[in-house]
Amino acid sequence: FRGEPQDYGPTKLTPSLFRDSDYVTKEEHLFELFCDYNIASQGASNIEKAIEAQHYASISRMLDISFDVLVSLYFVCKKDSDHDGYLYVFAFPEHYSPHSKYIEEFYTNILERRYTAYSRNFKVFTHSFTNDRIKAQRGGFIFFPGKEFYPISECYYERVCIPKNEKDLLLKEMATFFALTQAALFPEKGVI
């Protein structure tokens, strides 16, 4: 699942790396900066660096998803109550562990500019438990290879509109019935 607080039109379901063309050419340099600022450790795998970058710096070729519909619904409702939000319900044929050797080699080839012939084929990563935020959000990722962005085909998802006038009520109900709050989903911030 994925929640977006409004209709982003042609950039819906787009990872941050592809929202600015300069980022793609500087991806390796960005990883070096993440290590310099202790966002990711020097000894981390490329995938681990990308996961940390996604969650703390928000620049990566991965798109956050959740394996919990309520978490995604929270993100639909949390921001921008002036617009209708959208919940994306995915059905993917396969997924990979973010710790698999295949995925690490696949990503290393991308960083080293050895793009595969299948640069349009995104990969879905299952739950990653590398930090408390990802655990709390039951997080996974959609990984987009290549130097250009190709959108996910609509055959892989259904899009559900959440009306703007329902967002506040849904947030209150999720907090009351499921203890789903900002503090629960972002435990490292210490928000109450």
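Trainee: Which residue just after α4 takes a positive phi?
Mentor: The model is a predicted one. In it, helix α4 covers residues 69-78. The residue with a positive phi, of about 55°, comes just after α4 and is D80.

Trainee: At the start of α4, which backbone nitrogen does a side-chain oxygen of D68 reach?
Mentor: The contact is found at the start of the helix, and its oxygen belongs to the side chain of D68. That oxygen comes to within 2.8 Å of a backbone nitrogen, namely that of L70.

Trainee: Which residues in helix α4 are buried?
Mentor: A residue counts as buried when its relative accessible area is under 20%. In α4, residues 69-78, the buried residues are V71, S72, L73, Y74, V76 and C77.

Trainee: What is the order of the strands in the open sheet?
Mentor: The open sheet has three strands, and their pairing is antiparallel. Its edge strands, each pairing on one side only, are β2 (62-66) and β4 (123-125). Neighbouring strands are turned by 25° against each other on average, direction ignored. The order is therefore β2-β5-β4, where two strands pair if at least two bridges are found between them.

Trainee: Which residue in β5 stands opposite V124?
Mentor: Strand β5 takes in residues 139-143, and three bridges join β4 to this strand. The two strands run antiparallel. Opposite V124, the residue in β5 is I142.

Trainee: At what angle to β4 does helix α5 run?
Mentor: Helix α5 consists of residues 101-111. This helix lies across β4 and β5. Its angle to β4 is about 130°.

Trainee: Is M62 buried or exposed?
Mentor: The place of M62 is in strand β2. Leaving aside neighbours within four places in sequence, M62 is in contact with several residues, including P15, I47, F125 and I142. Because its relative accessible area is 1%, M62 is classed as buried.

Trainee: How far apart in space are M62 and F18, C-alpha to C-alpha?
Mentor: In sequence, M62 and F18 are separated by 44 residues. In space, the C-alpha to C-alpha distance between them is 9.8 Å.

Trainee: How many disulfides does the structure hold?
Mentor: A disulfide is a covalent bond between the sulfur atoms of two cysteines. Among the cysteines, C155 is exposed because its relative accessibility is 61%. C161 is partly exposed, with a relative accessible area of 35%. The number of disulfides in the structure is zero.

Trainee: Which residue meets E4 in a salt bridge?
Mentor: The side chain of E4 is in a salt bridge with an N to O distance of 2.9 Å. E4 has a relative accessible area of 2% and so is buried. Its partner is also classed as buried, at 14% relative accessibility. That partner is R2.

Trainee: In which helix do K101 and E105 both lie?
Mentor: K101 and E105 form a salt bridge, with the closest N and O atoms 4.0 Å apart. K101 is exposed at 63% relative accessibility, whereas E105 is partly exposed at 43%. The two residues are four residues apart, about one turn of the helix, and both lie in α5.

Trainee: Which residue meets K135 in a salt bridge?
Mentor: K135 is partly exposed, with a relative accessible area of 44%. Its partner lies three residues away in helix α6 (residues 132-136), about one turn of the helix. The N to O distance is 3.9 Å, and the partner is D132.

Technical notes:
Residues are numbered from 1 along each chain as its sequence is written. This is a predicted model: local features need pLDDT of at least 70, side-chain atom pairs count only at pLDDT 80 or more; totals for chains, interfaces and linings use all residues. Side-chain values use heavy atoms; hydrogens and water are left out. Buried means under 20% relative accessible area, exposed over 50%, partly exposed in between (1.4 Å probe, protein chains only). A polar contact is a pair of N or O atoms within 3.5 Å; within protein, one must be able to donate a hydrogen and the other to accept it, and residues adjacent in sequence count only if both atoms are side-chain atoms. Axes are lines fitted to C-alpha atoms, for helices over the stretch in contact, and angles run from 0 to 180 degrees between N-to-C directions. Contact means heavy atoms within 4.5 Å. A disulfide is a pair of cysteine sulfur atoms within 2.5 Å.
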